[in-house]
Amino acid sequence: MIPPIASNFVAGETPEAALAHVEALNDRGVAGILNLLGEHYEERPPADADADAYVDLVEAIAERDVDACVSVKSSQIGLDIGDDVFEENLARIVAAANDSGAAGADGAGTFVWIDMEDHETTDVTLDAFERHALDTDGNVGVCVQANLKRTRDDLERLAELPGKVRLVKGAYDEPAALSYKEKARVDESYRNCLAYMFEAFDDGVAVGSHDPAMIEYAAELYAEHGTPYEVQMLTGVRESAQFDLAANDDVAVYQYIPYGSKWFSYFYRRIRERKSNALFALRAIVGN
Ligand code: FAD
């Protein structure tokens, strides 16, 4: 069982718990992005098992008719074993997600996001996105990272494709030659990329950030360009801001919802990355 301090950041261990979390969010105007925790498998069986779990999940989302999509990590479905394993498993998930449209209310199938991992995976991830974006007429999305110097150029390629793109600051410690290291420089790159996306993207912009300054900037860009956009934040982080934003008709709000038995390392990362999260955990322990 997940202890109460961790359950702030993780929706539960089972798909049922995660879907119940989505239903509660939907009632408050927030959609869900479900992520089964797991990454960097070096053997095929766990990669295939997680891909199977996503196939079941996209079908369950459509059957329950909740407002939710999924987000998968390439190394979770086989990239460390081989590009072919990743591509085979991703194709299975995307096919199931599109077929699940028969059960969903709008018939469009379940949307599939591909998270972005470290810079060595960027090309294979973007190539896979491109193939599925064209095959599904845009029912997939990909994440790109503002801390990578290449991202502004990658966005020009992505602007030509259907599908959605999520811009994040980047969670990986990348080589200095390839990435911006200072926070101010990453923020500047985020703003430049966001401005380009609002100008050049037809299928919408996804702002994957908790940063009030970036969210405010996105609202300004929306007022200027009218490009549809969404804000995506993590479970347990600035949730009151998520609900406040959801009251605004101009923007769709999604909560990225991790779940599954491998919750400990994810929880530990959230605690390490921010003092306020550590204080929250401490208060919960002392309070108990
Ligand atoms: P930061 O630059 O960390 O913080 C800026 C400001 O935001 C802070 O000053 C504060 O005002 C506010 N803030 C940030 N965190 C908190 C908090 N815990 N509590 C209260 N206020 C806070 N990274 C990847 O590399 N690949 C991915 O596929 C990926 N997917 C993501 C999907 C989503 C939906 C989100 C939200 C993030 C994802 N990330 C991903 C992580 C991302 O790259 C950043 O590491 C992470 O979001 C921190 O950057 P930030 O923009 O939220 O704000």
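Colleague: Why does D211 count as buried?

Modeller: Buried means under 20% relative accessible area, with exposed over 50% and partly exposed in between (1.4 Å probe, protein chains only). D211 has 17% relative accessibility, so it counts as buried. Keep in mind that this is a predicted model, where local features need pLDDT of at least 70, side-chain atom pairs count only at pLDDT 80 or more, and totals for chains, interfaces and linings use all residues. Residues are numbered from 1 along each chain as its sequence is written, and side-chain values use heavy atoms, leaving out hydrogens and water.

Colleague: What makes the pair D211 and K169 a polar contact?

Modeller: A polar contact is a pair of N or O atoms within 3.5 Å; within protein, one must be able to donate a hydrogen and the other to accept it, and residues adjacent in sequence count only if both atoms are side-chain atoms. The side chains of D211 and K169 are 2.7 Å apart, so the pair fits that cut-off.

Colleague: Which residues does D211 touch, not counting those up to four places away in sequence?

Modeller: K169, K183, D187 and R238, with contact meaning heavy atoms within 4.5 Å.

Colleague: Now the ligand. Which polar atoms lie by it, and at what distance?

Modeller: A polar side-chain atom of Q145 sits 2.9 Å from a ligand oxygen. R166 has a side-chain N or O atom 3.1 Å from a ligand nitrogen, and a polar backbone atom of A171 is 3.0 Å from a ligand oxygen.

Colleague: How much of the ligand does the protein cover?

Modeller: It covers 79% of the 940 Å² of accessible area that the ligand has on its own (Shrake-Rupley method, 1.4 Å probe).
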